[in-house]
Amino acid sequence: MNEIFDDSTLTEIAHLICGDETPLLYRKGYEIAAFFQRAGWDDVPDYDGTPRHKWTLDLLRERQEDGTDDAQRAVLRLVNRLEYYNQQQEYHATLKRLNEILVLDGRRIGEEEGQPVLVRCEAGFEDEVRRQLPRVELKVSVTEVVSDPELAATVQLRLDEARTCYEHGAYTSAVIMLGSLLEGVLAHAAQVRAAGVRMPKPLRNMGLNDFVDFAYENKWIEHDAKLASELVRHYRNLVHPLAEKRTGHSPNRDTLDMCWPVVNATLNDLAATVVAPPVPPTPRAPIERGRGRNPNASVQRPTPASVARRRPGGGTTAGT
């Protein structure tokens, strides 16, 4: 079966192939091309010097759009032990990270006859990740994140409506509200903070996944918020009934208990990285000529006595 991966999943898979973060296995450009060949790809182009992640992601997207199973082959090769001779730490780190990414897309790595295979599962977090998921509390107000008062009021309303939906068991509606809220605050951050920063595409063409990546690349949110935001994005897409039918799963109370801390963490991160506007300089009084002179003192004209005191040997008689 030819597996189709979400674009955000492909983006993270490309990062794993490049191995830019320790303890992942780092691959140079020509080594990535060789990796694809070992994965069973035909006609792999030579590495052309493009930034490694972009080059890798473009190839994954191109092969998937062509209808091949090459993206699936690359995923399975990532966790083939033959790639990690005497590099067990890198292998286990890659397997763990890959499962954290795939499970958000409803898949995980299994094993048949000693070989890795893709297995369908319920979209969510890995059990180990689920147990370790912190209960992140919202420590800031919406107005600390959104500077536009009108937009802040709208975002607060979405947050209140999500709570109402949660309390009354409308979990699908609640997670859609949270996804909408998340996209709104990240879009606002991109709009007001991106002065001098190159946007990946026009703001109007960016979606939640783009905003999450852009915020992470600019260090407005931390990696845990970025990775976990994929779960909110996945369930937010269930606003389309066909998407819910395709996944075969509807959000429940556990879903919201996982998604809400993600939104809280993102809002906390955005508030912590707000740059305060520059304080205008305080106006200074005009400086009079001559250092140390009181600018408010009246100018005194020289008198015969003061002139005499400045002359060599000059002086005045006391009492005159």
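Angles over 145 degrees between helix axes count as roughly antiparallel. With that cut-off in hand, α7 and helix α12 (residues 253-272), which pack at an angle of about 150°, are therefore roughly antiparallel to each other. Please keep in mind that this is a predicted model. The protein chain has 320 residues, of which 43% count as buried, and its secondary structure comes to 13 helices and two strands. Among contacts with a separation of 6 or more, residues 24 or more positions apart account for 61%. Below is a friendly tour, topic by topic.

**Helix α7 and its partner α12**

- Two packed helices are described by the angle between their axes and the distance between the axes.
- For α7 and α12, the axes are 11 Å apart, and the crossing is left-handed.
- On the α7 side, the contact is made by Leu159, Ala162, Arg163 and Tyr166. On the α12 side, Arg253, Leu256, Asp257 and Trp260 take part.
- Sorted by class, this contact of α7 with α12 has five nonpolar and three charged residues, and no polar ones.

**Helix α7 and its partner α8**

- Helix α7 (residues 149-167) also packs with α8: their axes come within 8 Å and cross at roughly 160°.
- The cut-off of 145 degrees applies here too, and α7 and α8 are therefore roughly antiparallel to each other.
- This crossing, between α7 and α8, is left-handed.
- From α7, the contact draws on Leu151, Val155, Arg158, Leu159, Glu161, Ala162, Cys165 and Tyr166.
- From α8, the residues are Tyr171, Ser173, Ala174, Met177, Leu178, Ser180, Leu181, Val185 and His188.
- By class, there are twelve nonpolar, three polar and two charged residues in the contact of α7 with α8.
- Leu159, Ala162 and Tyr166 of α7 are worth a look in the viewer, as they appear in the contact with α8 and also in the contact with α12.

**Helix α9 and its surroundings**

- Helix α9 (residues 208-217) is mostly covered, with seven of its ten residues buried.
- The buried residues of α9 are Leu208, Asn209, Phe211, Val212, Asp213, Phe214 and Ala215.
- Their cover includes α1 (7-18), α8 (171-193) and α10 (223-236). Helix α8 therefore turns up twice in this tour, since α8 helps to cover α9 and is roughly antiparallel to α7.
- Asn209 lies in α9 and has a relative accessible area of 13%, which is under the 20% cut-off, so Asn209 is buried.
- Leaving aside residues up to four places away in sequence, Asn209 touches Asp7, Ser8, Glu230 and Arg233.

**Backbone details in the loops**

- Most residues other than glycine have a negative phi, and most peptide bonds are trans. Three places in the loops are set against that background.
- Lys219 comes just after α9, in the loop between α9 and α10. Phi of Lys219 is near 65°, a positive value in a residue other than glycine.
- Lys219 has a relative accessible area of 67%, over the 50% cut-off, so Lys219 is exposed.
- Asp43 lies in the loop between α2 and α3 (52-65), and its phi is near 55°, again a positive value in a residue other than glycine.
- With a relative accessible area of 73%, Asp43 is exposed.
- The peptide bond from Thr22 to Pro23 is cis, with omega near 5°. Pro23 is found in the loop between α1 and α2 (29-38).

**Cysteines**

- A disulfide is a covalent bond between the sulfur atoms of two cysteines.
- A search of the whole structure finds zero disulfides.
- Cys18 is buried, with a relative accessible area of 0%.
- Cys165 is also buried, with a relative accessible area of 18%; Cys165 is one of the α7 residues in the contact with α8.

**A residue in a strand**

- Glu111 is found in strand β1 (residues 107-112).
- The relative accessible area of Glu111 is 53%, over the 50% cut-off, so Glu111 is exposed.
- Not counting residues up to four places away in sequence, Glu111 touches Arg81 and Val117.

Technical notes: Residues are numbered from 1 along each chain as its sequence is written. This is a predicted model: local features need pLDDT of at least 70, side-chain atom pairs count only at pLDDT 80 or more; totals for chains, interfaces and linings use all residues. Side-chain values use heavy atoms; hydrogens and water are left out. A disulfide is a pair of cysteine sulfur atoms within 2.5 Å. Buried means under 20% relative accessible area, exposed over 50%, partly exposed in between (1.4 Å probe, protein chains only). Helices (H or I, at least four residues) and strands (E, at least two) are DSSP runs, numbered from the N terminus. Contact means heavy atoms within 4.5 Å. Axes are lines fitted to C-alpha atoms, for helices over the stretch in contact, and angles run from 0 to 180 degrees between N-to-C directions. Angles under 35 degrees count as roughly parallel, over 145 as roughly antiparallel, 65 to 115 as roughly perpendicular and the rest as oblique. A crossing is left-handed if the near helix is turned anticlockwise from the far one by less than a right angle, and right-handed if clockwise. Ala, Val, Leu, Ile, Met, Phe, Trp, Tyr, Cys and Pro count as nonpolar, Asp, Glu, Lys and Arg as charged, and the others, Gly among them, as polar.
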